[in-house]
Amino acid sequence: MRAAVAIIGLLALGGCAGEIPATEQPTMYLSMANGGARLDPQAAASMISLYRQNNGLGGVVVDPELMKLAESQSQAMASQNKLDHDVKAPLARRLNASGYPATSAVENVSAGYHTLAEAFSGWRDSPPHRANMLKSGVTKLGIAASYAPNTKYKVFWTLILASSDPR
């Protein structure tokens, strides 16, 4: 009888343990160093907007055209295993070629950071990259992370911040 009560008690406790909700990891900590990872551009816009607002500047919103340009730059760096703003062409030329009506634009590139939080921290701690994130007047962003498993850095990042004329 005692054994039966003990088994029922253990089963009841085991059932309780299964009810603990799994906590979801914030997307800024999601590793981009795997083929199935997807960067959350809204999380990036929120993080950068908050940083800008804490420094007396306006926020930024995700721009689909800048997203495509950032993705193209990150993929080009990954495919050539090269961290370089000009791997395809200088930013101004890439913006013009796409027809993007930028009135102001800056770009941060980096490699080796596996998460958005790491990339953001690296940019924040680098004076030229920090200056770009705090560029006055920019209102839009595009961001991308490209995974290249057979390269030195594994993950290549591009952040483009811009303002544009209304179309």
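**Entry 1: α3 against α4**

I looked up where α3 and α4 touch, and found Leu66, Leu69 and Gln73 of α3 meeting Arg94, Leu95 and Ser98 of α4. The model I am reading is a predicted one. By class, the residues of this contact come to three nonpolar, two polar and one charged.

I then checked the geometry of the pair. Helix α3 covers residues 64-80, and its axis comes within 11 Å of that of α4, with a crossing angle of roughly 130 degrees. I noted α3 as oblique to α4 because of that angle. The crossing in which α3 passes α4 is right-handed.

**Entry 2: two loop residues beside this pair**

I went to the loop between α3 and α4, where Asn81 is found. Asn81 is not a glycine, yet its phi is positive, near 50 degrees. Is Asn81 partly exposed or buried? With a relative accessibility of 37%, Asn81 counts as partly exposed.

Next I looked past α4 (91-98), at the loop that leads to β2 (102-111), and found Gly99 there. Gly99 has 48% relative accessibility and so counts as partly exposed. I also took its distance to Glu65: the two are 34 residues apart in sequence, and their C-alpha atoms are 9.5 Å apart in space.

**Entry 3: the whole chain**

I stepped back to list the elements. The protein chain has six helices and four strands. Read from the N terminus, the order is α-α-β-α-α-β-α-α-β-β.

How much of the chain is buried? Of the 167 residues in the protein chain, 39% are buried. I also looked at contacts between residues at least 6 apart in sequence, and 70% of these join residues at least 24 apart.

**Entry 4: the largest nonpolar core**

I looked for the largest nonpolar core and found one of 26 residues. The residues with the most contacts inside it are Leu116, Met133, Leu141, Ile143, Trp157, Leu159 and Leu161. I traced where the core residues come from: α2 (41-54), α5 (116-124), β3 (140-147) and β4 (155-164) each give at least two. The largest share is that of α2, with six residues.

Apart from this core lies another, of nine residues, including Leu66, Ala70, Tyr100 and Ala144. I had already met Leu66 in the contact of α3 with α4. As background, nonpolar side chains tend to be buried together in soluble globular proteins.

I picked Leu161 for a closer look. What does Leu161 touch, not counting residues up to four places away in sequence? I listed Val60, Ser104, Ala105, Val106, Asn132, Met133, Val138, Lys140 and Leu141.

**Entry 5: α2 against α5**

I turned to α2 and α5, both of which supply residues to the largest core. Their axes come within 11 Å and cross at roughly 30 degrees. An angle under 35 degrees counts as roughly parallel, and α2 and α5 are therefore roughly parallel to each other. The crossing of α2 past α5 is right-handed.

Which residues make the contact? On the α2 side I found Ala43, Ala44, Met47, Ile48 and Tyr51, and on the α5 side Leu116, Ala117, Phe120 and Arg124. The contact divides into eight nonpolar residues, no polar ones and one charged.

I then listed the buried residues of α5, which are Leu116, Ala117, Ala119, Phe120, Gly122 and Trp123. These buried residues pack against α2, β2, α6 (127-133), β3 and β4.

**Entry 6: Ala162 in β4**

I looked at Ala162, which is found in strand β4. Its relative accessibility is 0%, so Ala162 counts as buried. Leaving aside neighbours within four places in sequence, Ala162 is in contact with Leu66, Tyr100, Ser104, Ala105, Val138, Thr139 and Lys140. Two of these, Leu66 and Tyr100, are among the residues of the nine-residue core. I also took the distance from Ala162 to Thr103: they are 59 residues apart in sequence and 7.4 Å apart in space, C-alpha to C-alpha.

**Entry 7: the loop before β4**

Last, I looked at the loop between β3 and β4, where Lys154 is found. Lys154 has a positive phi of about 75 degrees although it is not a glycine. Its relative accessible area is 29%, so I put Lys154 down as partly exposed.

How values were computed. Residues are numbered from 1 along each chain as its sequence is written. This is a predicted model: local features need pLDDT of at least 70, side-chain atom pairs count only at pLDDT 80 or more; totals for chains, interfaces and linings use all residues. Side-chain values use heavy atoms; hydrogens and water are left out. A nonpolar core is a set of buried Ala, Val, Leu, Ile, Met, Phe, Trp, Tyr and Cys residues joined through side-chain atoms within 4.5 Å. Buried means under 20% relative accessible area, exposed over 50%, partly exposed in between (1.4 Å probe, protein chains only). Contact means heavy atoms within 4.5 Å. Axes are lines fitted to C-alpha atoms, for helices over the stretch in contact, and angles run from 0 to 180 degrees between N-to-C directions. Angles under 35 degrees count as roughly parallel, over 145 as roughly antiparallel, 65 to 115 as roughly perpendicular and the rest as oblique. A crossing is left-handed if the near helix is turned anticlockwise from the far one by less than a right angle, and right-handed if clockwise. Ala, Val, Leu, Ile, Met, Phe, Trp, Tyr, Cys and Pro count as nonpolar, Asp, Glu, Lys and Arg as charged, and the others, Gly among them, as polar.
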